[in-house]
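Colleague: Hi! Could you put the model up so we can go through it together?
Modeller: Sure, here it comes.

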Amino acid sequence: MKAMQQLSSKTLVLTESNIDTDQIIPARFLTTTSRDGLDESAFADWRFAADGSAREDCVLNDPQAREREILVAGENFGCGSSREHAVWALTQFGFRVVISSRVADIFRANALKNGLLAIEVDTDTHAWLLANPGAELSVDVEACTLTLPDGQSIGFELDPFARTCLLEGVDALGYLLGQEEAIAAYEQAREAA
C-alpha cells in the first residue's frame with residue numbers, strides 16, 4: 001500500500017445511489033485471489049457493452065478517469081455483499097478516496113484495510129460534489145479534513161488505527177510486523193518476570 005498523508009485530485013462523479021459491490025465488480029470476476037488486472041473488471045457492466053466494446057457514455061471510460069484519485073458517488077455506496085474484490089478493483093483503477101453521504105459499513109472496513117479512504121460528508125456538501133464533477137479537492141489524512149475548491153474545510157471521522165495505517169502505508173499485518181522489536185522486548189520482559 002502507498003502511504004497517504006495528503007492527496008489532491010479532481011473528482012470523478014457517479015451520481016447513482018445504492019451502488020453495490022456487484023456493480024463495482026460483478027461476481028463473474030471473483031475467481032482470483034490476486035488484485036492484478038481487477039481494474040479492467042471495475043464497473044465492467046457499466047463500462048462495456050455485451051460485445052465487449054467500451055460504452056462511450058460511461059464517465060469511467062473517459063481518458064481522464066484514470067487520472068482521478070477521488071471518486072464521488074451517490075448515497076449508500078458499497079452496499080451489498082462484503083466482497084473485498086470491490087475495493088481491490090477500485091484501487092487498481094486508481095482511486096484512493098471514495099466520498100458519499102453514506103458508505104456501507106462492511107465496505108468501509110474493507111476499504112480502510114486496503115488503503116482506500118472512504119469519507120462520509122453531510123448532504124449539502126454531497127449535493128455540491130455531485131453537481132460539480134471534476135472539482136479539485138484536497139484530503140488531509142492527518143487532520144481528517146476535506147478541502148473544497150473555495151477553501152472550505154470539512155472534517156471527517158476516521159478510526160485512529162486506520163488513520164495510522166493510511167499515514168504509514170501499511171495494513172494491519174504490516175503494522176504488527178513494524179512492531180517486532182517492541183513485541184520481542186515485551187516477551188523478554190514477561191519471561192524475566
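Colleague: Let's start with helix α8. How many of its 13 residues are buried?
Modeller: The number is zero, so α8 lies largely in the open. Keep in mind that we're looking at a predicted model.

Colleague: Noted. And what span should α8 have, at 1.5 Å a residue?
Modeller: The helix covers residues 180-192, and its 13 residues should span 18 Å. Its end C-alpha atoms are 18 Å apart, which agrees.

Colleague: Good. What about the protein as a whole: how many helices and strands are there?
Modeller: The protein has eight helices and seven strands. Its C-alpha trace spans about 70 × 45 × 25 Å along the principal axes. Of the 193 residues, 42% are buried.

Colleague: Which domain does UniProt place at residues 1-122?
Modeller: The UniProt entry, which is unreviewed, gives "Aconitase A/isopropylmalate dehydratase small subunit swivel" for that span. In the model, residues 1-122 are 22% helix and 17% strand, and the end C-alpha atoms of the span lie 29 Å apart.

Colleague: Now pockets, my favourite. What volume does the largest pocket have?
Modeller: About 210 Å³. Its lining is made up of M1, K2, R35, T91, Q92, G94, F95, R96, N114 and G115. By class, that's two nonpolar, five polar and three charged residues.

Colleague: G115 caught my eye there. Where is G115 placed, and is it buried or exposed?
Modeller: G115 is in the loop between α4 and β4 (117-120). Its relative accessibility is 10%, so G115 counts as buried. The C-alpha atom of G115 is also separated by 9.5 Å from that of L167, with the two residues 52 apart along the chain.

Colleague: And the second largest pocket, what's its volume?
Modeller: That pocket comes to about 180 Å³. Its lining includes R35, E84, N114, D159, F161 and C165. By class, the lining of this second pocket has six nonpolar, one polar and five charged residues.

Colleague: Which helices each supply at least two residues of that lining?
Modeller: Helices α4 (105-113) and α6 (160-168) do. The largest share, three residues, comes from α6.

Colleague: Changing topic: how many aromatic pairs does the count come to?
Modeller: Four. One of them is F77 with F107, an edge-to-face pair with 5.2 Å centre to centre and 90 degrees between the planes. This pair links distant parts of the chain, 30 residues apart: F77 is in the loop between β2 (70-73) and α3 (84-93), while F107 is in helix α4.

Colleague: Are F77 and F107 buried or exposed?
Modeller: F77 is buried, and F107 is buried too.

Colleague: How are the rings of F161 and Y175 arranged?
Modeller: Their centres are 5.1 Å apart and their planes are at 90 degrees, so that pair is edge-to-face. F161 in helix α6 and Y175 in helix α7 (residues 172-177) are 14 residues apart, and their pair links distant parts of the chain.

Colleague: And how accessible are those two, F161 and Y175?
Modeller: F161 has a relative accessible area of 37%, which makes it partly exposed. Y175 counts as partly exposed as well, at 25% relative accessibility. F161 is also one of the residues lining the second largest pocket.

Colleague: One last thing, the backbone. What is the phi of N18, and where is N18 found?
Modeller: N18 has a positive phi of about 60 degrees although it is not a glycine. You'll find N18 in the loop between β1 (6-14) and α1 (21-24). With a relative accessible area of 43%, N18 is partly exposed.

Colleague: And what about C144, what phi does it have?
Modeller: C144 has a positive phi of about 55 degrees, and it is not a glycine either. C144 is in the loop between β5 (136-140) and β6 (145-147).

Colleague: Is C144 buried or exposed?
Modeller: C144 is buried, with a relative accessible area of 13%.

Colleague: Great, thanks for the tour!

Methods. Residues are numbered from 1 along each chain as its sequence is written. This is a predicted model: local features need pLDDT of at least 70, side-chain atom pairs count only at pLDDT 80 or more; totals for chains, interfaces and linings use all residues. Side-chain values use heavy atoms; hydrogens and water are left out. UniProt positions are given in the numbering used here, feature names are shortened, and annotations may be inferred rather than shown by experiment. Helices (H or I, at least four residues) and strands (E, at least two) are DSSP runs, numbered from the N terminus. The expected span of a helix is 1.5 Å times one less than its number of residues. Buried means under 20% relative accessible area, exposed over 50%, partly exposed in between (1.4 Å probe, protein chains only). On a 1 Å grid over the protein atoms alone, a cavity is a set of points where a 1.4 Å probe fits but cannot get out, and a pocket is an open set with protein on both sides within 12 Å along at least five of seven lines; lining residues have an atom within 4 Å of a point. Grid points are joined across faces, edges and corners, and a volume is the space filled by probe spheres set on the points. Ala, Val, Leu, Ile, Met, Phe, Trp, Tyr, Cys and Pro count as nonpolar, Asp, Glu, Lys and Arg as charged, and the others, Gly among them, as polar. Rings of Phe, Tyr and Trp (its six-membered ring) pair if their centres lie within 6.5 Å; planes under 30 degrees apart count as stacked, over 60 as edge-to-face and the rest as tilted.
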